[in-house]
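Me: I'm new to this one, so could you walk me through it slowly?
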Amino acid sequence: MQTNDSGKDEVLLRVNDLRKYFVVGRDFFGRPEKYLKAVDGVSFEIKKGKTLGIVGESGCGKSTMGRSILRLYDEVKGEIIFKGQDINKLSNSEFDKIRPNIQMIFQDPYASLSPRLTVGEIIGESARQHGLVDKAGFHDYVLHIMEMCGLQPHYFERYPHEFSGGQRQRICIARALALKPELVVCDEPVSALDVSIQAQVINMLIDLRQSLGLTYIFISHDLSVVKHISDDVGVMYLGNLVEYGSKEDIFTETLHPYTKALFSAVPVPNPHVKMNRIMLKGDIPSPVNPPKGCKFHTRCEHCMKICEEIAPEYREVRPGHFCACHLYNSPEDTERLEAAEAEAQRLAEEKRKADAEKPLNKFKTAVIDKPAEKVKTAVGNAVTKLKDKAKKDGKPSASDKDNDEKK
Ligand SMILES: Nc1ncnc2c1ncn2[C@@H]1O[C@H](COP(=O)(O)OP(=O)(O)OP(=O)(O)O)[C@@H](O)[C@H]1O
Ligand code: SF4
Ligand SMILES: [Mg+2]
């Protein structure tokens, strides 16, 4: 493996309108009816050799986004352009050839290590399968990777359960690097480790990025870690990027109210600096039923009328600094968005009417809904008649008895 300083400004990955919806409910006919919009239209790009940090509250779609880029799910929508090629359009066999180039490191190192394989086999197996190393060179190849990742040569014959969390994560990193990837998606790679070990692993990742010319997507809850390792930062909320830009812009020229609230919660290591913590109202809403308009409006201290109805555009507010918030609209933007919303509502109403006319819906209404409604009404009428009769006869009905007992 060689240092790669060439093509520094080359865009390695460009993601356009990435969407991953999980089906969480089906209708009577088994058709998907309810979706959980885990990733709902995310766009960004990463230059070669850079690190994009992704932050956001738990459940906002960070891992789903990372896994979607690695094509670990079916039915991912949008473009994933890796080295100029849309890998989301490739067949599985075509993508298999590219797969070694994009690797992932997970939060829980133990869960992803086979307990029956030795460390050497774990690290080198996939590289051998992909023809990156032959039988004769296998041992030396793996030892070289282990050395880069701070693993002693005699660990080669040992098993994962013999190692600490930090060492296991080094094994996972070595396994990913054995495939000579260009892009590594690191999903909370140090969250499960002790703070002192976290720093060692993060510094090792920074060194490896430098020496191997790697590009990282680094997902983390920990803003100080993201600040340390990232060149650019993306902030996610309920499946969307709400702010994206260089680390300097995001941390010092913060635009989005959500990002401001997230950053205000980070403790400042200076007793003389007063923390102005912005308290977010309520919990993160459900991605199955996200709020209309700006998804953050239920918790935003700057919420305006337009925020409740119309989703803000994600656009370049300053050079290289993107944000989705109505606070940065010009009057023309607001006018254009309101006109577009009115048109979208008109079209939605037309579609709703057209759908209601569809033969299948007519069938369902005629054969299932209406008879079911009739049975409900008939049962209701019969119960009322029985109650009336019981009253006339002077006998208390079952519900009257219940009420008497409660009294
Ligand atoms: N396979 C799945 N089926 C249905 N819903 C899923 C699935 N995987 C994830 N989700 C849902 O998608 C949303 C985003 O999940 P995801 O794991 O991507 O969030 P996250 O930002 O990585 O959270 P955390 O910080 O806790 O790891 C969550 O509401 C989650 O429950
Ligand atoms: S669009 Fe409105 S509700 Fe959403 S973040 Fe901006 S000000 Fe707050
Ligand atoms: Mg996650």
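Reply: We can begin with how far to trust the model and then go on to the strands, the helix and the ligands.

Me: What is the average pLDDT here, and what share of the residues score at least 70?
Reply: This is a predicted model, and the protein averages a pLDDT of 89, with 92% of the residues scoring at least 70.

Me: And where is the pLDDT below 50?
Reply: That applies to residues 1-5, a stretch which, beyond near neighbours in sequence, has 6 contacts in the model. Where pLDDT is low, the predicted coordinates should not be read in detail.

Me: OK, on to the sheet with 4 strands: what order do they come in, and is the pairing parallel or antiparallel?
Reply: The 4 strands form an open sheet in the order 2-1-4-5, and the pairing is antiparallel. At its edges are strand 2 and strand 5, the latter covering residues 85-86, and each of these pairs on one side only.

Me: How many bridges are there between strand 1 and strand 2?
Reply: Strand 1, which covers residues 11-26, pairs with strand 2 over 12 bridges in the antiparallel sense. Among the bridge partners, V23 is matched with Y35 of strand 2, while L18 is matched with V42 of strand 2.

Me: Which residue takes a positive phi in that hairpin of strand 1 and strand 2?
Reply: That is G30, with a phi near 85 degrees, in a hairpin that has 5 residues between the strands.

Me: Switching to strand 3, is it buried or exposed?
Reply: Strand 3 covers residues 51-55, and because 5 of its 5 residues are buried, it is largely enclosed by the rest of the structure.

Me: Which residues point which way from it?
Reply: From strand 3, T51, G53 and V55 point one way whereas L52 and I54 point the other way, and all of them are buried. In a regular strand the side chains alternate between the two faces of the sheet.

Me: Which strands is strand 3 joined to?
Reply: It runs parallel to strand 8, residues 215-219, and 4 bridges join the two; it also runs parallel to strand 9, residues 232-237, again joined by 4 bridges. L52 is a useful residue to follow here, as it stands opposite I217 in strand 8 and opposite D232 in strand 9.

Me: Now helix 1, how many of its residues are buried?
Reply: Helix 1 is mostly covered, with 7 of its 8 residues buried, and these are K62, S63, T64, M65, G66, S68 and I69. The helix is followed by R71, whose phi is positive, near 55 degrees.

Me: Which residues come nearest to ligand 1?
Reply: Of the 13 residues around ligand 1, the nearest are F22, A38, S58, S63 and T64. Two elements, strand 2 (32-47) and helix 1 (62-69), give two or more residues to that shell, and the largest share, 3 residues, comes from helix 1.

Me: How does that shell around ligand 1 divide into nonpolar, polar and charged?
Reply: The shell around ligand 1 holds 5 nonpolar residues, 7 polar and 1 charged.

Me: And ligand 2, which residues come nearest there?
Reply: Ligand 2 also has 13 residues around it, of which C294, H297, C300, C307 and C325 come nearest. Its shell divides into 10 nonpolar residues, 3 polar and no charged.

Definitions and conventions. Residues numbered from 1 in each chain as written. Chains lettered and ligands numbered in written order. Predicted model: local features only at pLDDT ≥ 70, side-chain atom pairs only at ≥ 80, totals over all residues. Near = placed C-beta within 6 Å. Nonpolar A, V, L, I, M, F, W, Y, C, P; charged D, E, K, R; others polar. pLDDT = per-residue confidence, 0-100. Contact = placed C-beta atoms within 7 Å. Buried ≥ 20, exposed ≤ 12 C-beta atoms within 10 Å, placed from the backbone. Pairing = 2+ DSSP bridges.
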